[in-house]
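Hi,

Here is the structure I promised to pass on to you. Have a look at it first, and then read on for what turned up.

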Amino acid sequence: MSRIQTVFQRLQGEGRKALIPFVTAGFPEPALTLPLMRALVEGGADIIELGVPFSDPMADGPTIQRASECALAQGMSMRKVLDAVRAFRSENAATPVVLMGYANPIEAMGVETFVAAARDAGVDGMLVVDYPPEESVAFAGAAKGAGLDPIFLLAPTSSEQRFADVAAVGSGYIYYVSLKGVTGSGKLDIDEVARRIPQIRAAVGMPVGVGFGIRDADSARRIGAVADAVVIGSRIIEEIEQSPRDEAAQRVAAFMRGIREALDTIGSAKGVTQ
Amino acid sequence: MQMADTPYQFPDASGHFGPYGGVFVAETLMPALAELREAYAACQNDPEFVAEFEYELKHYVGRPSPIYHAKRWSGILGGAQIYLKREDLNHTGAHKVNNCIGQALVARRMGKPRVIAETGAGQHGVATATVAARYGMECVVYMGSEDVKRQVANVYRMKLLGATVVPVESGSKTLKDALNEAMRDWVTNIADTFYIIGTVAGPHPYPMMVRDFQSVIGKECLVQMPEMVGRQPDYVIACVGGGSNAMGIFHPYIGVPGVKLIGVEAAGDGIETGRHSASLSAGRPGVLHGNRTYLLQNEDGQIIETHSISAGLDYPGVGPEHAWLKDAALADYVGITDDEALQAFHNLCRLEGIIPALESSHALAYAAKLAPTLPKDKILLVNLSGRGDKDMHTVAERSGIQF
Ligand SMILES: Cc1ncc(COP(=O)(O)O)c(C=O)c1O
């Protein structure tokens, strides 16, 4: 069983929801990536999504674009992201790390080389935003062959046919994008999410995480009540932007604890189908 | 009409040209692209749509555009005869409008009241703003803030036409960033918005759809050249930014015996300086803006900043069908520097009384290099993709003149 599956199974047994924070590797500076990952765990992260910066982040809003530009300007690269994961893994064997990014840095390294390097560094899964299922049969196959979970998105615009397409190639969990738009937008429609998640969960047979637009304890609690996992990205990047460098890690941990507490008040969790 | 059988059947059903093309976008856009594929397929098979497109091209754009024999210039160069396909005479001054009309008509059939576009030089933005005004649609144009500065006149033209121009401050603040921002808008406003992409790039079906709409250029040439000179040209030459004017004139000629196709990329300060936009000559395959194609990128797969004196060629990618044509050796791709393009620009002004766009000047410059190496009875057909009014500022600045 993969580290990701292990986490969801444990949480289901405890009746709790997964908290999945996102940070951009190399932001606000490469030396802070490891301390920030530690802070996320300290604040209650179950899985970490680590953003691989890309020059053209088409699916991201201004906050994550800024973080990517800042990281790249300081020389962040795929190799250095993997180095950060390796360092994290040497001190934490339990918390899964999912890389989130775009196809080109992977293709530049070569899919096979990347998958092997990611596995060796201790990566658990990959979400490649611009690899929809139809373009990632080879990639997903290579990832699964190396014991890594290829994670896919579903969106409010996705049909039931898409649920099946994604379930056929994906593993680990499904990331449901809770709104039409880019990361960091604010138009979260919780009723829509509540209506869709049970359908998706039944169709894909995997836990379903929800992200895009979750910014505080209240929205996290309401989404957590219907989903298996809550993903928070832009809001954490903003927290880092607003903190003095030497306090960023503490403030991120404190923010995370607020979300964690809210999620843990949900109580009895219904139905992770694993 | 004499149309050759294209020696390949691309894109395939999934939008690929061999290893290139495809649909590399976030899940949120997948249903919108499926909807567009269906709508476009319905339009293609609808004689009413085809008739309306042709009517608009004839009466609004002024097609067919003429072919002109640049006799004086050819004489001075002393070799092959140069013929110009006059896309600069189109309404709005470039080939871009052919595609905008096609896509706006598709948008109207889909019931989308709002259109968005990206633009570099501003020609595609102006063409989109023009057809949006013509069809009563809301129009938003994304433009890198660097290009907004370089192309002041076109920004004002778009505003006159009723469009909103949004300067894009992210990344390199040029065309590729405008495209990113337009994609973000589209994802956010899918229900009422149609994205009019300005070149043969982007996710399937855009490279195919834009090619189809621009193919009117080459189809006209296939008829006009025999009428004018009794045969088809020996070479067809066009500049390549994203590649739409080149694909428009190339595609009907692919497979016509004896016709060589040459795409001219912007070599900027010279390929060896690294300051250029020659993706096919100096790039590697990768994934950007929804398709797999040749890209200018660093070791880590980050897209690098490009340079060209012409904003319309200043793009780090190229349409996937050009990537395929290059690999299949069905077309050749060469580079022309800023200085060479400027020289051709001035020569055409002085010798033929035609002020060409700086983009098109790259194709002209290659023709001027090639012509003297060939006998006088050889024929070069150059796509004069646009006129140079928009480039007055850039050219004057190079000569140290301020308005
Ligand atoms: C006159 C003209 N020619 C060529 C281009 C380059 O585009 P493409 O390669 O798609 O024809 C532009 C783009 O703005 C243009 O304005």
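How far is an oxygen atom of the ligand from an N or O atom in the side chain of T199(B)? The distance is 2.6 Å. Please keep in mind throughout that this is a predicted model.

Let me stay with the ligand for a moment. T199(B) is one of the residues that come nearest to the ligand, together with G241(B), G243(B), S244(B) and S385(B), out of 18 residues around it. There are other polar neighbours to look at. In K96(B), a polar side-chain atom lies 3.0 Å from a ligand oxygen atom. For G242(B), the partner is in the backbone: one of its polar backbone atoms is 3.2 Å from an oxygen atom of the ligand. On its own the ligand has 390 Å² of accessible area, and the protein covers 97% of that. If you sort the shell by residue type, you get five nonpolar, 11 polar and two charged residues.

The shell also brings in the domains of chain B. Domain 1 (24-58 + 96-205) and domain 2 (64-93 + 215-399) of this chain each supply at least three residues of the shell. The C-alpha centres of these two domains are 23 Å apart. Their contact takes 28 residues from domain 1 of chain B and 31 residues from domain 2 of chain B.

Now to chain A, where two residues make a good pair to view together. D124(A) sits in the loop between α6 (111-121) and β4 (125-128), while L148(A) is in the loop between α7 (137-145) and β5 (149-150). Is D124(A) buried or exposed? It is buried, because its relative accessible area is 7%, and the cut-off for buried is under 20%. L148(A), at 2% relative accessibility, counts as buried too.

These two residues are in contact with each other. Setting aside neighbours within four places in sequence, the contacts of L148(A) also include V115(A), A118(A), R119(A), M126(A) and S171(A). With the same neighbours left out, D124(A) touches residues from several stretches of the chain's numbering, among them R3(A), I4(A), R89(A), T95(A), P96(A) and G147(A). V97(A) is also in contact with D124(A), and a polar side-chain atom of D124(A) lies 2.8 Å from the backbone nitrogen of V97(A).

Finally, some backbone details. Most residues other than glycine have a negative phi, and most peptide bonds are trans. With that in mind, here are some places to check:

- F27(A) and P28(A) are joined by a cis peptide bond, with omega about 0 degrees; P28(A) lies in the loop between β1 (18-24) and α2 (33-42) of chain A.
- R63(B) and P64(B) are also joined by a cis peptide bond, again with omega about 0 degrees; P64(B) is in the loop between α2 (47-61) and β3 (67-69) of chain B.
- K173(B) has a positive phi, near 60 degrees. This residue is in the loop between β7 (164-168) and α8 (175-188) of chain B and counts as partly exposed at 26% relative accessibility.
- H289(B) has a positive phi as well, near 50 degrees. The loop that holds H289(B) runs between β11 (284-288) and β12 (290-295) of chain B, and H289(B) is buried, with a relative accessible area of 2%.

Enjoy exploring it!

Best wishes

Definitions and conventions:
Residues numbered from 1 in each chain as written. Chains lettered and ligands numbered in written order. Predicted model: local features only at pLDDT ≥ 70, side-chain atom pairs only at ≥ 80, totals over all residues. Heavy atoms only, no water. Helix = DSSP H or I, 4+ residues; strand = E, 2+ residues; numbered from the N terminus. Buried < 20%, exposed > 50% of the residue type's maximum accessible area, 1.4 Å probe, protein only. Contact = heavy atoms within 4.5 Å. Near = heavy atom within 4 Å. Polar contact = N/O pair within 3.5 Å; in protein donor to acceptor, adjacent residues only side chain to side chain. Areas by Shrake-Rupley, 256 points an atom, 1.4 Å probe, with all protein chains shown as cover. Nonpolar A, V, L, I, M, F, W, Y, C, P; charged D, E, K, R; others polar. Domains from an automatic or database assignment.
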